[in-house]
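Open the model in your viewer and keep the selection box handy. We will go from stop to stop, choosing a few residues each time and looking at what surrounds them.

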Amino acid sequence: METNKKAWPISSMYGIRADINTQPDYQRPAVWSSAQKQLLVDSILRGYDVPKLYWRKVSKQPVRYDVIDGQQRIRAICEFCDNKYGLPKDADPIDNFNVKGMKHSELPHELRIKWDTYNLDIVVMEDTDEDETREMFLRLQNGTSLKAQEKRNAMPGNMRDFVKALAAHPIFSVCGFSNSRYVYDQVAAQMVLIELNGGPCNVKNADLNRMYEKNKDFDSNGTKAKKCRKVLDFLHSAFPTKTPELERFNLISLYGMASQLLESYVIKDRTSELAKWFIAFESYRREQEKLPSDEADNEMVIYHEKTSHSTDAVDSLDWRHEFLLRKFFEAVPNIELKDDQRLFAHEQRLAIFRRDAGICKVALKCQGQKCEWDSWAADHKNPWSNGGKTTVENGQVSCVACNSAKKDSVQVAAVIV
């Protein structure tokens, strides 16, 4: 890597602005406020020192540059030259000139010359590769207010590239939140970590950082990568148009739900039912949030708590995952397992138990007793041996005694037949 320090007048830098890329993919978007831009202009006109700018020369014929550090300053300078904003309306005089609210073209001749000839210290890096550039970017940003995902976006490696590609999936374009400061990348990274883990897990910044570090050689065409894309394709089929109900916290939970459903259930052609359930659930959630906590649905109060605090922690994600799956199966109870198996899955058992309020529905040996979670059986209404499906719709709560009695009666009937 070779570096060269140059002093360029603002007019020279502005003259080649078309050849300066202020937005290489590791850079954050424009975030400076009007006040920050005005302060920079005021500082330059008063002759104060401006920190160095760092560029990378990416081509020689023609000469083009990527900005490694200083893009906010470059944007502010060029926008002032373009008369897109002026100095503050309460600005103090500069060199005895009243400059309140003045744009570049309105500056007195002396101040305009002072501005145009002000030298910017520019460090140009040549013969450097992507990894060196990203390392330089991170070092230069150390101690600034870069958000965690903005830093991860500059990390080298395949995981970073895969997450960035996943964040461009059309499902994000129909969500109710914007991509401010790489939020889509953040959510996409959390989805990947959930997929790698095989279910809910901690998806905090430290966990995402470790994922990026450990998966620099991540295979974007491997099984896990394909599954990520498959799940997002499924969700986009369910929500093809703008859906403001899709927020950060519930999109991550929907991803975990969809991943498990696609893995274990015949769900591919049931996207419209998933969307209908979700919109109804969100409407109900909003209605419940308007009520005092002592009048609202207790589970929705807990759900609100889980989506308001420590939302990236495994306890919160795991609770939301089980809760949403149960609510979905209660609303769409005829979803079948991919494998023609007799035993109900955990999420099916939850839905059956809550729907029946734990009351034995077989009532062969009891009068409909209340069962405890650790002491009951998920019974097929239409016996599995007779072709009954292992679905929530075909399931019911049975106490242990009634379950045994029903098994015996089915076996006797089979022998008689």
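**Start in the core**

Select Phe172, Leu235 and Leu251: within the largest nonpolar core, which has 77 residues, these three touch the most other members. Keep in mind as you look that this is a predicted model.

Now stay with Leu235 and show its surroundings. Leaving aside neighbours within four places in sequence, Leu235 is in contact with Ile171, Leu251, Leu254, Tyr255, Ala258 and Leu274. Apart from this core lies another one, of 33 residues; to find it, select Val41, Leu45, Val67 and Ile74, which are among its members.

**Two crossing helices**

Next, colour helix H11 (residues 248-264) and helix H14 (residues 314-331). How do they pack? Their axes are 10 Å apart and meet at an angle of about 65 degrees, and the crossing is right-handed.

To see the contact itself, show side chains on both helices. From H11, pick Phe249, Ile252, Ser253, Gly256, Met257, Gln260 and Leu261; they meet Leu317, Arg320, His321, Leu324, Leu325, Phe328 and Phe329 of H14. Sorted by class, this contact has nine nonpolar residues, four polar ones and one charged one.

**On to H15**

Keep H11 and H14 on display and add helix H15 (residues 346-355). Which of its residues are buried? They are Glu347, Gln348, Leu350, Ala351, Ile352 and Phe353. H11, H14 and E7 are included in what covers them. Following H15, look for Ala357, where phi is positive, near 55 degrees.

**A loop residue**

Strand E7 (395-398) leads to the next stop: select Asn394, in the loop between strand E6 (377-380) and E7. Is Asn394 buried or exposed? Its relative accessible area is 12%, so it counts as buried, the cut-off being under 20%. Beyond residues up to four places away in sequence, Asn394 touches Phe344, Asp379, His380, Lys381, Asn382, Gly388 and Lys389.

For a sense of distance, draw a line from the C-alpha atom of Asn394 to that of Tyr255: the two are separated by 27 Å, and lie 139 residues apart along the chain.

**Last stop: H8**

Finish with helix H8 (residues 183-197) and try the distance tool on its end C-alpha atoms, which are 21 Å apart. That agrees with expectation, because 15 residues at 1.5 Å a residue should span 21 Å. H8 is mostly covered, with 13 of its 15 residues buried. Just after H8 comes Gly198, with a positive phi near 85 degrees.

Conventions
Residues are numbered from 1 along each chain as its sequence is written. This is a predicted model: local features need pLDDT of at least 70, side-chain atom pairs count only at pLDDT 80 or more; totals for chains, interfaces and linings use all residues. Side-chain values use heavy atoms; hydrogens and water are left out. Axes are lines fitted to C-alpha atoms, for helices over the stretch in contact, and angles run from 0 to 180 degrees between N-to-C directions. Helices (H or I, at least four residues) and strands (E, at least two) are DSSP runs, numbered from the N terminus. A crossing is left-handed if the near helix is turned anticlockwise from the far one by less than a right angle, and right-handed if clockwise. Contact means heavy atoms within 4.5 Å. Ala, Val, Leu, Ile, Met, Phe, Trp, Tyr, Cys and Pro count as nonpolar, Asp, Glu, Lys and Arg as charged, and the others, Gly among them, as polar. Buried means under 20% relative accessible area, exposed over 50%, partly exposed in between (1.4 Å probe, protein chains only). The expected span of a helix is 1.5 Å times one less than its number of residues. A nonpolar core is a set of buried Ala, Val, Leu, Ile, Met, Phe, Trp, Tyr and Cys residues joined through side-chain atoms within 4.5 Å.
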